[in-house]
Amino acid sequence: MANPGYGKRSAPYQRPRTDRDFAHLLPRDAAIAAYIDRLPDGSDISVKTLAKVLPYGQCAMRTSLNRLQDAGHLRRGSECVATEDVLLWVTRSFFSRTARDDDWWAAFTRGDVPQEQQRPTRSKAFILLAALGRTVPALSLSAADCVNLEPQVSEWFERGATEAELLHALTSGLPSPVHHAASLVRRRLTDKMPPERIAPVHRTVLRSLECGECRRPGTPETLLGGHCKPCRGAAPDNDFGPPGAVQAPGVRDRMSEVRAAVVPRSERTYR
């Protein structure tokens, strides 16, 4: 694991794992990405540490990490973490199994990433109800029963209940025999409904990203592909300040003009 404030942080709203997650990458890059993907949050994913556990040297590892950044799987930056006493800026290495474009990473930096709407064939609630009979044959339900009971089970999940808690509530202490499985399940879902979960207080997200090559901080709009303009080979912006402001190369010339226009004190006339 990395030192506090460093290490892997998983990006939110990633799609489920498949065997084709990193098929678009080169073999070495795909192997490294798959390894990082399975590491827990907080793991050290620096070049030196990865080179110690994977069969690649530091130079090859650094190249592959840069390619993962170009492909939208990796971003490096910092994040403001609130403690009881102070606000601390800590280094972050954000990893996403799902490749993201620059607009997504920009939204992530602002803290307003919309959750992607995925429509599975069957909901988690329906799947649990359909499999209930495999755990307890006496509670086997028909497809119609699963559809009718699905909203109640979904409400349990919305209130923070786990599958284990829900199965325990439905299957413990069953009468023998069970005359009507659907009625018994409906009754237990109603009588044992957990209390509503208190919504967490929304906290403003403070994040910044930095160039993966020179570590220069910048806005997401300027770090296309995770690299700043000079590292991408593009000409850097030389204009600074408001419109009409004197730029750095012209400051000396402007000051020389100002000095030349100033009348020496000995030559001043007073009225």
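**Close-up views of a predicted protein model**

**View 1. The whole chain and its surface.** The accessible surface of the protein chain adds up to about 17,700 Å², and carbon and sulfur atoms own 53% of that. Keep in mind that this is a predicted model. Along the chain you'll find eleven helices and five strands. Of its 271 residues, 34% are buried. Look at contacts with a separation of 6 or more, and 61% of them link residues 24 or more positions apart.

**View 2. Strand β2 and its two partners.** Here we zoom in on β2, residues 74–82, where seven of the nine residues are buried. Strand β3 (residues 87–95) runs antiparallel to β2, and nine bridges join the two. Strand β4 (residues 207–210) is also antiparallel to β2, joined to it by three bridges. Gly77 is a handy spot to pause: its bridge partner in β3 is Arg92, while in β4 its partner is Leu209.

**View 3. The largest nonpolar core.** This core has 23 residues, and the ones touching the most other members are Leu129, Leu139, Leu141, Val153, Leu166, Val185 and Leu189. Helices α5 (124–130), α7 (143–158), α8 (163–171) and α9 (181–191) each chip in at least two residues. Nonpolar side chains tend to be buried together in soluble globular proteins.

**View 4. Around Leu139.** Which residues does Leu139 touch, leaving aside those up to four places away in sequence? They are Leu132, Gly133, Leu170, Thr171, Leu174, Val178, Ala181, Leu184 and Val185.

**View 5. A second core.** Separate from the largest core is another one of 16 residues, with Val47, Leu65, Leu68 and Leu74 among them.

Note on methods. Residues numbered from 1 in each chain as written. Predicted model: local features only at pLDDT ≥ 70, side-chain atom pairs only at ≥ 80, totals over all residues. Heavy atoms only, no water. Helix = DSSP H or I, 4+ residues; strand = E, 2+ residues; numbered from the N terminus. Buried < 20%, exposed > 50% of the residue type's maximum accessible area, 1.4 Å probe, protein only. Contact = heavy atoms within 4.5 Å. Areas by Shrake-Rupley, 256 points an atom, 1.4 Å probe, with all protein chains shown as cover. Pairing = 2+ DSSP bridges. Core = buried A, V, L, I, M, F, W, Y, C linked by side-chain atoms within 4.5 Å.
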